[in-house]
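Colleague: Could you take a close look at one part of this model for me, the way its helices pack? I would also be glad of a few words on the cysteines.

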Amino acid sequence: MKYAEVSVNSPVAQRRAFSYAIPPGLNIQAGQAVWVPFGDKTLQGIVLELSAYPAVEETREITDIIDPHPLLSPAQVTLARDISEYYLSPLFDAVALMLPPGFGRKPLTFISPAPDHDAGDLSALSPELRQVFESVGKRDKTSLKELAKRLGQKKARAIISQLVGRGLAVRSYELEPVRITPKKVPYLHLNITAAKARAAAGSLREKRAIKQAALLDFLARQAGPVPWAEARQKTGAAKAAAGALVRQGLAAFQPVEVRREPISYRNITPSSPLKLTAAQESAFSAVRDAIRGDRTHPRVFLLHGVTGSGKTEIYLQALAEAVKLGQRGIVLVPEISLTPQTIERFAARFPHRVAVQHSQLSPGEQFDEWYRLRNGEFDVVIGPRSALFTPQPDLGLIVIDEEHEWTYKQTDKSPRYHARDTALKLAELTGAVVILGSATPDVETFYHAERGDYRLLQLPERVVPDEGAPLPQVEVVDLRNELKAGNRSIFSRSLVRAATKALAGGEQVILFLNRRGGTTFVQCRRCGFVLRCPRCEVTLTHHLAEDALVCHQCHHKTPVPQACPRCLSRQIKFLGLGTQKLEQAAGAAFPRARLLRWDSDVTRHKDSHEEILGKFRAHRADILIGTQMVAKGLDLPSVTLVGVVIADTSLNLPDFRAGERTFQLLSQVAGRAGRGVLGGQVIIQTYSPEHYAVQAAAKHDYAAFYAREITYRRQLGNPPFSRLALLTYRHTNDAFCQREAERMRDRLAAERDAGEIDDLGLIGPAPAFIHRLRSRFRWQLILRGTGLSAFLAQVPLPQGWTVDIDPVSLL
């Protein structure tokens, strides 16, 4: 008998795989989805490997297969195990990254009357228990979900346990229904020949069945089955007319599977490869050689090119080279907002061979794209970090555009992986070439390139609008001097002059502020009370469009008070600045300009990013106001001025990467200016003009920034000279939370000392930057050293702890 190691879809499984026997008659492969018994339930599982011997003495048999074809490739199986091991996540969480949309199905709990129960004297039951028992007894089964709606989750579970314990009821489990299936639409076709149909139509007209006759004539003219919606539209026939034809045996309905297509090629014009500059040709040649099989150099490339230097053209030509050799590619972008523009460029070069995966697609579109990818129908898939795990066969190239972006790190749920590092592992497993592209590379990435771990390719000059075009001039405005001069506006005098000139010339302007909402806090001017979220330790942001106070952490919303909740004074003041207030101020300062805002508050529906980008590119707006969405990768030739309204938003945060993030954000948003023939200008408003990150961004000088930053990192022992792990404990009681964090600190210190690990440092515990979040207090510990995953894997973490290996933020 053979055995299989299976990752089971249960929170109980954690980082373990379980041994199951393969029953005779089942053809099982690694990567295949199966049903397995787990406790008293039947759950989903993914086979990770086959073996001649089980890992335990007693095993149960696999119940059945779910899909006859493996859902994970051998490389993906290995990758899932590596993700679980390195990021200390439950194994099935890592496996689930690679499964088709809608695959996961949770077990639902049902309660039924016990078949041989002795109800006896029900007076011993409490009134509530008796009422539930009588309700359950009227039906074959009742779901826990239904009881929880009436009683609350906690009480429903307690009552079910009492009824089961008294032998009055039994539990059973069923998997929730399948959520996503292939889309099928009804088609109508003839059941007789076209000649007979025309004759039958004549007879129907004589009987005054005009709609039936028209429908039959229409079907007789078609070469095959037609969608019912089309037949109805063309003939005006109702479903009753079609039903009459079906009953007479003249026609029949058949369901036909159709694809949900997320890319519209209506406005995409096919393009040809562009002529490369000398620097581009040098970079492309190195990548091409690697794709063709050269293994004398590293197969990971850092493509460091200034904004507008033509990195995308190298991605396109590298992918074309891979496709020539029968290979395929994955292209990652950091934001959904960048996806439409990237899709347009790749779809123009590879018509109808581009797939897309991101969270704003409908579940059905994601489902269809996933299965079409598995079938090898696309040359490339484009999307944010999740696109890395699509089943792209024959993988030869992985491109990570704007590789420095922290959005490539998953921070809100397990596994807390980094797409860049995970892509490097996937490339190692598949033999693919990796291109990491950025105008402002991550400090750790550039360090690896300097050491020779990656191959550094430089594009020092712009190619848009022409080769050698200058980068935009940058002016840094000290807002302290503006105040001294009596200017209390949010716009400096330089920015007003430059924007007025640009708008008068019919040019476009971007105003950047990395903070959404209207005003960032509301304060009583009499007693100083600041309105805060009742669930989080943050101030409430005033949103002008809704005239409501909103928490940007938990989305709690409350009306704006007319008086102070503490002293009842009506002297309420709205302070701070967000994109909504910036939009108001821009409207007042430039009344003739057409304004457009781009932030997460206005991009809630599927096509919103594409619509906003299309509107601005078509010059139906003069000023684009936005958050970091407008800073990344957009090519807008009519933009001649970029104004950074406040550059200090992230500069003073208590995080060692604050300077790096500020430099990257300023450099990237500055890169949106001057991509057309008119050139460009950037104005950065700041209260910290002397900061090295601001100075380096103003001079477009990555080398100067990197030299300063890497020196600080080396002195303090921060990455890339060490690794970090962030441990966070959450609890509703702050004192208990602190005690648990201190207990864990002592436990980790003892483990470190027992193992004589000299290079492992412990920092904390300390309250998190946002101490209370969604009604739970948070205390943190930071580990600094090497081999952190292996060290922490030996330490059992109680419920309430989360571990983030290689965090991109310590806030």
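Modeller: Happy to; here is a walk through two helix pairs, then the cysteines and one leucine. Please keep in mind that this is a predicted model.

Let us begin with α10, which covers residues 278-291, and α11, which covers residues 311-324. Their axes come within 10 Å and cross at roughly 30 degrees. Since angles under 35 degrees count as roughly parallel, α10 is therefore roughly parallel to α11. The crossing of these two helices, α10 and α11, is right-handed. On the α10 side, the contact is made by Gln280, Ala283, Phe284, Val287, Arg288 and Ile291. Facing them in α11 are Glu313, Ile314, Gln317, Ala318, Glu321 and Ala322. Sorted by class, the contact of α10 with α11 comprises seven nonpolar, two polar and three charged residues.

The second pair is α7 (residues 210-220) and α9 (residues 239-247). Here the axes come within 9 Å, and the crossing angle is roughly 70 degrees. That value falls in the 65 to 115 range, so α7 and α9 are roughly perpendicular to each other. From α7, the residues in contact are Lys211, Gln212, Leu215 and Leu216; from α9, they are Ala241, Ala242, Ala244 and Leu245. This contact of α7 with α9 has six nonpolar residues, one polar and one charged.

Now to the cysteines. The structure holds zero disulfides. Cys533 is in no disulfide, and its nearest cysteine sulfur, that of Cys554, lies 3.6 Å away. A disulfide would need the two sulfur atoms within 2.5 Å. With a relative accessible area of 3%, Cys533 is buried. Cys564 is likewise in no disulfide; for this residue the nearest cysteine sulfur belongs to Cys527, at 3.7 Å. Cys564 also counts as buried, at 1% relative accessibility.

Last comes Leu483, which sits in helix α16 (residues 479-484). At 39% relative accessibility, Leu483 counts as partly exposed. Setting aside neighbours within four places in sequence, Leu483 is in contact with Arg488 and Tyr687. Phe590 is 107 residues from Leu483 along the chain, and the C-alpha atoms of the two are separated by 21 Å.

Definitions and conventions. Residues are numbered from 1 along each chain as its sequence is written. This is a predicted model: local features need pLDDT of at least 70, side-chain atom pairs count only at pLDDT 80 or more; totals for chains, interfaces and linings use all residues. Side-chain values use heavy atoms; hydrogens and water are left out. Axes are lines fitted to C-alpha atoms, for helices over the stretch in contact, and angles run from 0 to 180 degrees between N-to-C directions. Helices (H or I, at least four residues) and strands (E, at least two) are DSSP runs, numbered from the N terminus. Angles under 35 degrees count as roughly parallel, over 145 as roughly antiparallel, 65 to 115 as roughly perpendicular and the rest as oblique. A crossing is left-handed if the near helix is turned anticlockwise from the far one by less than a right angle, and right-handed if clockwise. Contact means heavy atoms within 4.5 Å. Ala, Val, Leu, Ile, Met, Phe, Trp, Tyr, Cys and Pro count as nonpolar, Asp, Glu, Lys and Arg as charged, and the others, Gly among them, as polar. Buried means under 20% relative accessible area, exposed over 50%, partly exposed in between (1.4 Å probe, protein chains only).
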